[in-house]
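Reader: I've got a model open and I'd like to learn how to read it. Can we start with the overall layout and then pick one helix?

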Amino acid sequence: MFYYEKTGALLQIFWGEEFISQIAAALFTTQITSLAKSATKEELLEELDRLERRVFHKKAIALLSRRSYFSLELAAKMEQLYFSKELTHEMLLELKKYYFDDDFFVDSFILNQLEKLRSPYAITQKLIQKYVPLSWIESRLQALYTAARKERIIAALKRKTGKEGYEFAAYLYKKGFCDL
């Protein structure tokens, strides 16, 4: 027979005396009663898998509706919510087909940051925090951070700060425009 125990933020699920799985209590407490209908251990495992997938999908869509995520950033977020790595990887591959695109995320993030007059160094650091691989960041920055765009950013910063000469050069260096 199936039963569960709440241990901190997790629900531990048992079939008789055998441990089956653990799931996040906050995400599954209201749906746990649907598992009680399971007559056999196999039915319980199937229903638990369906339930986990449904809750994962619902939570991922809720997160994506608030803002864009890079796939590895979303994976880390879902693993913080006690979803397994295997389920997270499998479900993100499925969600990638319909709901988000890593290339678009990185390109739009870089362009947005360049419009805010951020340096390539600052953009790189922010993307690393979002779990974007460094090689990917460098290739996209190389394609999007053109010489003309660099000139426009520097001219805009010069107008914004009102600084000249060495003072302006020191300002640019401090902001991460080290390649000047």
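Author: Sure. Going from the N terminus, the chain's elements run β-β-β-α-α-α-α-α-α-α-α-α, that is, 3 strands and 9 helices. Keep in mind that this is a predicted model.

Reader: What radius of gyration does the chain have, and how does that sit against a compact globule?

Author: The chain comes out at 24 Å, while a compact globule of 180 residues would be near 16 Å. The box filled by the C-alpha atoms tells you about the shape too: roughly 80 × 30 × 25 Å along the principal axes. As for burial, 38% of the 180 residues count as buried.

Reader: Okay, now a helix. Which residues of α6 are buried?

Author: First the general idea: an α-helix has 3.6 residues a turn, so residues three or four places apart point the same way. Now the case here: α6 covers residues 120-129, and its buried residues are P120, I123, T124 and L127. They sit on the same side of α6 because they cover an arc of only 100° around the axis.

Reader: What do those buried residues pack against?

Author: Two helices: α5 (102-115) and α7 (134-144).

Reader: And which residues are exposed on the other side of α6?

Author: Y121 and Q129. For that call, exposed means over 50% relative accessible area, and buried means under 20%.

Reader: What phi does Y131 take, just after α6?

Author: A positive one, about 70°.

Definitions and conventions. Residues are numbered from 1 along each chain as its sequence is written. This is a predicted model: local features need pLDDT of at least 70, side-chain atom pairs count only at pLDDT 80 or more; totals for chains, interfaces and linings use all residues. Side-chain values use heavy atoms; hydrogens and water are left out. Helices (H or I, at least four residues) and strands (E, at least two) are DSSP runs, numbered from the N terminus. The radius of gyration is taken over C-alpha atoms; the globule rule is 2.2 Å times the number of residues to the power 0.38. Buried means under 20% relative accessible area, exposed over 50%, partly exposed in between (1.4 Å probe, protein chains only). The arc is that of the directions from the helix axis to the C-beta atoms. Contact means heavy atoms within 4.5 Å.
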